[in-house]
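Me: I am new to this structure and would appreciate a close look at a single part of it. Please describe that part in one connected account, and then place it within the rest of the chain.

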Amino acid sequence: MSFKSLLAATALAASMLSFPAIAAELTVGFSQIGSESGWRAAETTVSKSEAAKRKVNLKIADAQQKQENQIKAIRSFIAQNVDAIFLAPVVSTGWDSVLKEAKEAKIPVVLLDRDIDPSGKELYLTAVTSDSVHEGEVAGDWLAKTVGNKACSIVELQGTVGASVAANRKKGFDTAIAKHANLKVVRSQTGDFTRAKGKEVMESFIKAEGGGKNICAVYAHNDDMMVGAIQAMKEAGLKPGKDILTVSIDAVPDIFKAMTAGEANATVELTPNMAGPALDALIAYKDKKTTPPKWIQTESKLYTQTDDPQKQYDGKKGLGY
Ligand code: AHR
């Protein structure tokens, strides 16, 4: 090696030693809930591609809807000494001990798409979520506007019991319709965010409500449950989207397909890209010691049949939804 190239190599090695952490060096453990819905599957796919774009090594642990599996995964990530932990918490309570362990190990935790009990705020770095109370309000306001002065009995398919988004989407919707005496939720039950349970619960609602004749609208906390409910309505000889109005949350391709067929009326979008903003916040925190805001809020946009659902479907199906 010439003296000149030796000098250059030495300078490069010295400069590398003084570099702050860069994204390529980061390993992030992601405790994902499972694959209960099309939206969830999309979030997993998008998380992998967002990590790859930033050269982050993302290790995903699928908890199959069980908090105990999430707790085990977090402990395993701590033992592996990962640089950060992403957590999509299936329910909002019961995280204190394990998140304290992560804090003691100096591993930052970022919440994705769901929140934990407010008492745990000091236990995580930031949360990338939508305003899920607002999502419920958007759904309720749309229904109130669409129904006008007509009396309307609503049935509600709730998300997973104990999940922050289920409680918040209920709260927001109830607040919005409380301003309208003609709107009333007559039945409300969990469908656990799945298509199969959404169908099953809707079948029982239809039976209990005069074969569906007393139902004016269905509000579902996600699109997958609504797709199941649409199937139940069709099998009962009802016309979803016409005899019974529908409004749900997520904006996955299957609901746009149903809208194109005139079988669904409205959805509120939840972006599956929670990992992109979370990784950017984490990289800035590691590289520049920038503390992110406690809440990084994603958008909640309403789509109806007037928004060219076929175009929305075509635009989203390639994203791995
Ligand atoms: O936490 C986000 C919710 O979880 C989505 O709206 C739903 O589809 C998923 O199961």
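Reply:
**The sheet and its surroundings**

In this predicted model, 6 strands make up an open sheet with mixed pairing, and their order across the sheet is β7-β6-β8-β9-β10-β12. The two edge positions belong to β7 and β12 (302-304); each pairs with a single strand, so one side of each has no neighbour in the sheet. On average, neighbouring strands of this sheet are turned by 20 degrees against each other, direction ignored. Helix α5 (residues 132-147) packs on the sheet, where it touches β6, β7, β8 (217-220), β9 (245-250), β10 (266-269) and β12. The direction of α5 makes about 160 degrees with that of β9.

The edge strand β7 deserves attention together with its partner. Strand β6 (residues 152-158) and strand β7 (residues 183-190) are paired in the parallel sense, with 7 bridges between them. Two positions help to locate this pairing on the display: S153 stands opposite K184 in β7, and E156 has S188 of β7 as its bridge partner. Between these strands comes helix α6 (residues 164-178), and β6, α6 and β7 together make a right-handed β-α-β unit. Helix α6 also lies across β6, β7, β8 and β9, and runs at about 170 degrees to β7.

How does a side chain of α6 meet the sheet? The next step is to consider the aromatic rings, beginning elsewhere in the chain. The count of aromatic pairs in the model is 3. One of them joins F30 and F86 in an edge-to-face arrangement, with 6.5 Å from centre to centre and 70 degrees between the planes. This pair links distant parts of the chain, since F30 is in strand β1 (residues 27-32) and F86 in strand β3 (residues 84-87), 56 residues apart. F30 counts as buried because its relative accessibility is 0%. F86 has a relative accessible area of 1%, under the 20% limit, and is therefore buried as well. The pair that concerns the sheet is formed by F173 and Y219: their ring centres are 3.9 Å apart and their planes stand at 10 degrees, so the pair is stacked. Because F173 lies in helix α6 and Y219 in strand β8, the pair ties together parts that are 46 residues apart in sequence. Both F173 and Y219 are buried.

A residue of β9 shows the surroundings of a strand in the same sheet. T246 is placed in strand β9, which lies between β8 and β10 in the strand order. With a relative accessible area of 1%, T246 is buried. Beyond its neighbours within four places in sequence, T246 is in contact with W142, V218, M226, M233, G241, E263, A264, N265 and A266. Of these, W142 belongs to the residue range of helix α5, V218 to that of β8 and A266 to that of β10.

At the other edge of the sheet, a lysine meets an aromatic ring. K301 lies over the face of Y303, at 4.4 Å from the ring centre, and the residue range of β12 includes Y303. Another lysine, K294, lies over the face of Y124, at 5.0 Å from the ring centre.

Two loop residues offer a contrast with these buried positions. K55, found in the loop between α2 (38-53) and β2 (57-62), has a phi near 55 degrees, a positive value in a residue other than glycine. Its relative accessibility is 60%, so K55 counts as exposed. N81 lies in the loop between α3 (67-79) and β3, and its phi is likewise positive, near 55 degrees. N81 is exposed, since its relative accessible area is 58%.

The sheet can now be set within the protein chain, which holds 11 helices and 12 strands. The C-alpha atoms of the chain fill a box of roughly 90 × 40 × 30 Å, taken along the principal axes. Of its 321 residues, 51% count as buried. Among contacts with a separation of 6 or more, 75% are between residues 24 or more positions apart.

Conventions. Residues are numbered from 1 along each chain as its sequence is written. This is a predicted model: local features need pLDDT of at least 70, side-chain atom pairs count only at pLDDT 80 or more; totals for chains, interfaces and linings use all residues. Side-chain values use heavy atoms; hydrogens and water are left out. Two strands pair if DSSP finds at least two bridges between them. Helices (H or I, at least four residues) and strands (E, at least two) are DSSP runs, numbered from the N terminus. A crossover is right-handed if, with the strands pointing away from the viewer, the path from the first strand over the helix to the second runs clockwise. Axes are lines fitted to C-alpha atoms, for helices over the stretch in contact, and angles run from 0 to 180 degrees between N-to-C directions. Contact means heavy atoms within 4.5 Å. Rings of Phe, Tyr and Trp (its six-membered ring) pair if their centres lie within 6.5 Å; planes under 30 degrees apart count as stacked, over 60 as edge-to-face and the rest as tilted. Buried means under 20% relative accessible area, exposed over 50%, partly exposed in between (1.4 Å probe, protein chains only). A charge sits over a ring if NZ of Lys or CZ of Arg is within 6 Å of the ring centre and within 35 degrees of the ring normal.
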